[in-house]
Every structure is written in C-alpha cells, then in structure tokens.
Amino acid sequence: MRGHKRQSSFELLELFGVVKENGMEQNSPPPLHTPMSYDYVLVAKTIGDQQTAAYMKQIEYIEELKKKKMKITKIIDDDRVFYGIRAPQEIFEKYRYLLKVSDACNWSSGRDRVPLSTRIRIVHFILNRTPIKSGEFLHNLIKTKVFDAKFCLHEKKKQKELKENWARWTACLQGQPITAVRNYFGEKVALYYLWLGWYTYLLIPPAIIGVIVFLYGLAFFNSSPLIKEVCEADTIMCPLCDKRCKVWQLSDTCTYAKVSQLFDNNGTVFFAMFMAVWATLFLEFWKRHRASYVCEWKVFDWCEEEEELILEIVNNPTCEPKKYKHSYLRTTLVLIFVTAMILVIIGLTHALVVFRVIAAVLLAEGSWEFLSTHSNSGAMMLGAVLHYLVITVMTRINRIVAMKLCQLEETRSFTTTEKSFTVKMFTFQFFTYFSSLFYVAFFLGRINGHPGGYVRIAGKWRLEECHPSGCLTDLFIQMAIIMVLKQTISNVVEFTGPWFCRWFKRRKNRKLERRCGNCYLKNDLDESKGAELCDNCKLRDWESNYRLNDVNSFSLFNEFLEIVIQFSFTTIFVAAFPLAPLLALFNNVIEIRLDAIKMVTLERRLIPKKTNDIGVWIDVLEAIGVLAVIANGLVIGVSSNFVPRLVYRYYFGPCANSTATDIDCMAGYINNTLSIARMDNQIIRQEFTAFQMTTHDGLNVTSCSYKDYRSPEDYSLTPQFWLILAVRFAFVILFEHVVVICKFIAAWFVPGAPLQVKNDKLFDKLNRLKEELRSFVP
C-alpha cells in the first residue's frame with residue numbers, strides 16, 4: 001500500500017534530530033472523544049441575587065446552548081459556578097458531511113469519527129457565535145463579567161506523555177514529537193514547532209561560519225597594519241564636542257580599532273552573501289518539509305475560510321454568508337493611519353538620536369575622566385538601552401493600534417483578520433526595532449558636517465561622529481545590546497510570568513481535593529463502558545485548568561512574531577554582527593522547550609486549529625530575505641570600510657603604481673582617510689577655542705585631523721571621495737544583482753513539494769473518486 005510508505009522528509013528530519021517520530025505515529029489518529037471528556041468549560045462568579053442582569057444573561061446564554069442540544073453539566077464551587085459543555089454527535093456528523101462535499105477540505109473527511117481536537121474547535125466556534133436576545137456574544141459577556149473564563153480541558157494522559165517526551169528542559173537536544181503535538185494542539189501549533197525546529201537546525205551552518213569570520217578578524221587582532229597604524233599614530237584629532245572637549249590622540253582609540261577589525265573585515269562580505277542565499281534555501285526546504293507533513297495529515301489543500309463557512313452552517317443552517325466587501329474610504333483611512341504610525345515611530349528614532357547627542361555632551365563635560373574620554377561610546381550604549389525600553393513600550397501600543405485598524409477594516413473572517421493584524425503588527429514592530437539601526441548603519445557620521453561647518457541640533461548640539469576605523473562597530477554594539485536584552489529578558493519574563501501567576505493562584509485558592517479511587521480507576525477503562533467521573537473529580541479537573549494562565553487566538557502569534565523579529569536580526573544586518581546566528585541558535589534551543597513547557601503545563605489548552613501553512617508569515621519571511629540582500633549590500637558598500645580599503649589598495653596605496661613587496665599595501669590607509677583643519681583659518685578659530693586646542697599634556701596645537709576626504713584649503717570634497725562614492729554604488733549594485741541571481745537559482749533548484757507528495761495526492765484523489773463511483777446508484 002502506498003499510504004504506508006514514509007515520506008523521505010520525515011526520515012531526513014529524524015536524521016537531523018529536528019523531529020522524533022517512531023514511524024507508527026505518522027499514521028496514528030488524534031485522540032477521540034470519550035464519555036469522560038468535555039468539549040468546553042465556562043466559568044462564572046456565583047451570583048446570590050437571581051434578579052440581577054448578569055445572572056439573567058448567564059442563564060439565558062446557557063438556555064441558548066441547550067436549544068442547540070448541548071449537554072450542560074453545572075457544578076457550583078463556593079464563589080464560582082462551572083458549566084461543562086458536551087456537544088451532540090449530530091453536530092459533528094453534519095460537519096463531516098459538509099467537509100466531504102466541500103471544494104478544498106474534502107481530503108480531510110475520510111476519518112470515521114471526529115477526533116477530540118476537532119470537536120473542541122467546532123464547539124469553540126459555536127459558543128463564540130451564539131448570541132442572546134440583546135445581541136451580545138460570549139466575548140461581550142466575558143468583558144461585562146457575566147462569565148469569568150472559557151477554556152477547553154487538558155487531557156491528563158496526553159499531557160503527561162508530552163511532558164515526558166517533549167516539554168522538559170532535559171529534552172533540549174532531542175527531536176520533537178511533531179505528530180503527537182499535532183494530535184493534541186492541532187496543525188497550527190505543530191507547524192509552528194516544526195518550522196522553529198527546522199529554522200534552529202539550519203542556524204548551525206551560519207553560526208559556525210559566523211564564528212569563523214569572527215576568528216578570522218581575531219587572527220589579525222595584533223598584526224593588522226590598520227590596527228598598528230592607529231595604535232602607533234601620533235596624530236592629533238579634532239575635539240568631539242563643543243566647549244569642554246579637547247583634541248585627542250588617535251592612538252587613544254587603539255582598543256576600539258581592534259574591536260572594529262573583528263567585524264569589519266573581508267570575511268564579512270562572503271558571510272553576507274552566504275546568509276542571503278541561506279535565507280532562500282531555508283525557506284525553500286521548509287516548503288518541502290511542510291508539504292510532506294500536511295500531505296500526511298490530509299490538509300494539503302485545506303482552506304481555513306471554507307472551513308469557517310462550514311462551521312457557520314453547522315452552527316446555524318439558515319445563516320447568510322458574509323459578503324466580500326471593499327471600501328476605498330476605509331482602505332485610505334487605514335493607509336493614512338499606518339503611515340502616521342510609522343512616522344511616529346521614526347520620530348521616536350529622531351528622539352533617540354537627540355538623546356544620544358545630548359548624552360554624549362553631558363558625559364564629555366562630566367567629572368568622571370573615564371566617561372569623559374569615552375563619551376561617544378557611553379552615549380551609544382545608553383541609547384541602545386533606551387531603545388530597548390522604547391521597544392518594550394511601543395510593542396503594547398503597536399498591538400492596540402493594529403487591532404483598532406483591523407476593526408476599522410471590518411474584515412469578513414477571523415483568517416482575514418489574523419492576516420491583516422499580522423502584517424500591520426509586524427510592520428510597526430519592524431520600524432520600532434530597526435529605525436534606529438538604519439540610522440546607525442547609513443546616517444551616523446555621514447551627515448555631521450566638518451570643522452567650520454558642523455551640523456547641529458537646534459543650532460546647539462553637534463551630531464555624532466564615527467571613529468576613524470569606521471561606523472560598523474557602533475552598529476554591532478547597538479545590535480548586540482538590543483538582541484541580548486530582548487532574548488534574555490523576554491525569555492525570563494515569558495517563563496517566570498506564567499509560572500508566578502500559576503503559583504499565586506494556587507496560594508490564593510484552596511488546595512484541590514484528591515481524586516477518589518473509583519474515578520482514578522475509570523481513567524484506565526475502555527471508552528465503550530461509558531465510565532464518567534463523579535462531580536468532585538470533575539470539579540478538580542476543571543478547577544486545575546481554570547487556575548492555569550489564560551490563552552487567546554493570538555497567543556501563537558506572539559511566538560511567531562518573536563522568532564520572525566529574531567530572523568530579521570539574524571539576516572538583515574548580519575554583515576555587522578556575524579555572531580547573530582550563534583546567539584539565535586542558543587536562544588532557539590531554549591525557546592522550543594520554554595514554549596513547550598509553557599503550553600503544556602503553565603497555560604490553558606490552546607484551541608486546536610487546522611491549517612496547512614504558517615500563513616502570511618511565509619510572505620513576511622520572503623520579504624525579509626529580499627530586504628536582507630539590500631541592507632547587507634548597503635552595509636558592506638556604504639557603512640563598512642571595505643570599499644575605501646579596496647580603492648586605497650589599488651589606486652592610492654604604496655602598491656598602486658609599483659610592484660614593491662617590502663611594504664604592506666595598506667600602509668598609510670588610516671592617515672589617507674583623515675583630513676586636516678588648521679587654526680590659521682578664521683572659520684576654524686571660531687569653531688574651536690584655545691582651550692580645546694590644548695592637549696592633555698598642555699601642548700598647544702595649530703591643527704587637528706578628522707575623518708573625511710576634504711581639501712585643507714577650502715574644505716571641499718576631494719576627487720578621492722567621489723571615486724570612492726562611485727565604487728560604493730557600483731559594489732552595491734553588483735552585490736545585489738549577484739546575490740539575487742543566486743537566490744533565484746536556489747529557489748528554482750529546490751522544488752516546493754517532493755514528487756512523492758504529488759504522487760500521493762494523485763493516488764489518494766483517484767481512490768476517493770473510485771469509492772464515490774462504487775457508491776453511485778443510477
């Protein structure tokens with residue numbers, strides 16, 4: 001039989017250790033509903049006065065459910081009342097029949113009985129679409145405190161199995177039981193973990209190469225002629241701020257120059273090209289593995305919107321479909337609000353720039369000699385920490401704004417709402433995270449002017465300058481601080497928050513009673529015997545689930561957003577931070593188990609959702625891959641000193657016009673990148689005071705150097721500047737075209753679905769058509 005042949009993708013993922021299946025699990029069905037199971041539970045506060053509006057609405061809603069033949073079990077526990085809900089079998093028979101006759105979902109209708117995960121999804125939909133006479137739905141009733149909570153129940157046996165095989169810290173280096181996760185949490189959660197596991201595994205090659213690039217820079221830590229030139233220079237540099245800052249020795253920044261060499265070397269060019277192609281291969285191979293799994297799960301052609309239409313009919317046979325609508329007015333308003341929000345976020349970036357400029361001045365004028373000497377570096381680190389705090393605050397604001405804009409759009413289905421929310425939220429978060437990084441990468445040190453013509457904020461504070469060794473180290477420090485803080489703090493909060501909430505609820509509420517002996521034995525009975533727990537044991541299970549942390553429809557969205565933002569850090573500015581893939585790898589190994597422990601033990605059970613892809617996130621990832629090519633090309637061509645070094649080596653260096661081998665071709669490069677400002681110029685005398693032109697040793701100087709290509713007479717840009725600028729743009733264009741061609745070749749070379757998947761679909765469709773023909777009665 002063809003159906004028993006395992007997909008090659010399964011064997012490959014097991015070999016890599018991404019998943020852990022035993023072969024039999026692939027064809028094992030999700031757990032079925034048993035007489036001891038309840039599809040859903042509602043919780044409300046006990047109301048003594050039965051004449052109150054809240055009590056009347058509560059009773060009315062329960063009566064509406066009973067009209068739909070829902071079996072309701074009511075158990076009162078002190079100040080709370082629990083309603084256990086079990087749907088009749090005819091609802092699920094209707095669902096199965098409609099799946100069979102649907103256009104896109106009929107491949108999933110072949111199972112004889114509806115599994116518990118599907119029952120939960122159907123009941124969840126019906127409960128949310130059942131109104132009372134006032135027109136209020138369940139979410140309205142929860143907002144007005146008519147009901148306190150709603151949730152589906154964890155299954156003790158399956159929960160224990162997942163804890164033993166997956167949701168524990170000691171399993172960090174083991175594969176994931178993806179099929180078991182799918183059977184319990186649904187395809188949507190399973191695909192998230194499958195994608196995250198595959199992404200984590202594929203981070204190993206870039207992590208290794210990133211370390212090699214770092215070590216390559218470390219190998220020349222003491223022998224690089226550029227570092228020697230900085231460390232041994234007697235060059236006097238111009239003051240970095242007004243009034244209190246004095247001239248300084250270039251050799252004072254020897255350590256900074258060495259750090260720059262670690263990240264701004266020839267290896268970063270190769271690494272940036274590799275990462276651009278890697279991002280494409282990661283996505284293309286992900287599509288293949290996804291296709292293998294969704295084919296095995298019979299959801300290859302699944303359509304979420306069509307299932308939503310089927311659920312509408314199951315809930316209300318006389319329902320009317322929600323028509324597709326489009327309003328140019330609403331679309332225009334949404335576009336205006338999105339643009340305004342992006343401008344606000346960019347405005348915050350400008351505020352961070354102002355903060356850094358003012359902080360640099362205050363640190364330079366302070367009494368602490370160390371901070372005064374390293375005022376620019378200190379201001380940059382403070383700016384990075386403030387940027388992280390801004391990110392934390394703006395994340396909450398962005399979520400509120402994105403949700404309000406989705407409501408303004410009046411989307412017709414939850415699937416459409418989720419896609420719209422995802423795009424808006426990611427856009428806002430992307431600008432929040434990366435606006436400051438784009439400033440550091442492409443504007444820092446390039447718009448600050450020159451002695452006698454400095455650019456000032458409000459005519460008072462000078463903009464920051466780059467170190468003579470380049471600006472790439474500033475970008476690296478900014479990325480490192482944000483990435484480390486984000487991953488460390490977010491993981492700590494993500495785990496300790498739910499754990500503390502559960503601990504607090506346990507302390508606040510009385511201890512749960514032990515399960516009675518009879519009910520303990522009933523767990524091992526066959527479902528056909530119809531065993532059901534007593535009320536005390538039901539209450540114990542419902543109470544333990546109630547005390548867990550709440551989840552909602554966007555709980556999984558938060559996990560996706562966190563990892564996709566990390567993917568952006570790993571790819572977009574990887575030329576400035578080769579160690580980013582290594583940090584991401586370490587984080588993801590922990591993240592997988594942290595999320596698993598949180599979902600299995602600390603949170604209420606997520607509503608199992610059926611899907612065949614990670615949704616609009618795949619489009620977001622592809623957009624990030626394209627942006628990574630552009631950004632890394634600009635970082636290497638514009639931000640780094642790769643191109644100026646190249647031009648100097650072949651046009652202006654000691655090897656340009658001779659074949660001399662007794663001197664390094666990069667000798668004199670640092671001095672070549674500096675221009676001179678002389679005090680005999682009236683404009684310069686107005687710019688710097690006599691106090692500023694005095695060294696720390698008390699020596700008065702008549703000139704100082706600064707990083708730029710300008711004439712010492714009229715401070716106009718030299719021909720070398722224009723040549724370097726032309727080569728920069730030529731390099732960016734060449735780099736992007738070469739990498740994009742490589743990406744297209746890689747995408748073409750790796751098919752989106754394995755041949756075995758296509759053949760399995762073909763044979764399955766043929767067999768189903770033959771079965772329909774055999775059942776046909778003319």
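**Notes on the salt bridges and a nonpolar patch**

1. A good place to start is the salt bridge between the side chains of R129 and E308, at 3.6 Å from N to O (a side-chain nitrogen of Lys or Arg within 4 Å of a carboxyl oxygen of Asp or Glu). This pair links distant parts of the chain, 179 residues apart: R129 sits in the loop between α4 (116–128) and α5 (138–143), and E308 in helix α13 (residues 304–315). Helices here are DSSP runs of H or I, at least four residues, numbered from the N terminus.

2. Please keep in mind that this is a predicted model, where local features need pLDDT of at least 70 and side-chain atom pairs count only at pLDDT 80 or more, while totals for chains, interfaces and linings use all residues. Residues are numbered from 1 along each chain as its sequence is written, and side-chain values use heavy atoms, without hydrogens and water.

3. Back to the first pair: E308 is buried because its relative accessibility is 11%, whereas R129 is partly exposed at 23%. Buried means under 20% relative accessible area, exposed over 50%, and partly exposed in between (1.4 Å probe, protein chains only).

4. Within helix α2 (residues 53–67), K66 and E63 lie 3 residues apart, about one turn of the helix. Their side chains form a salt bridge of 3.8 Å, N to O. K66 is partly exposed at 42%, and E63 is partly exposed at 38%.

5. D708 and R710 also pair up, at 2.8 Å from N to O. D708 is buried at 16%, and R710 is buried at 18%.

6. The structure has 28 salt bridges. D79, R80, E543 and R547 are joined in a network of them.

How values were computed
Helix = DSSP H or I, 4+ residues; strand = E, 2+ residues; numbered from the N terminus.
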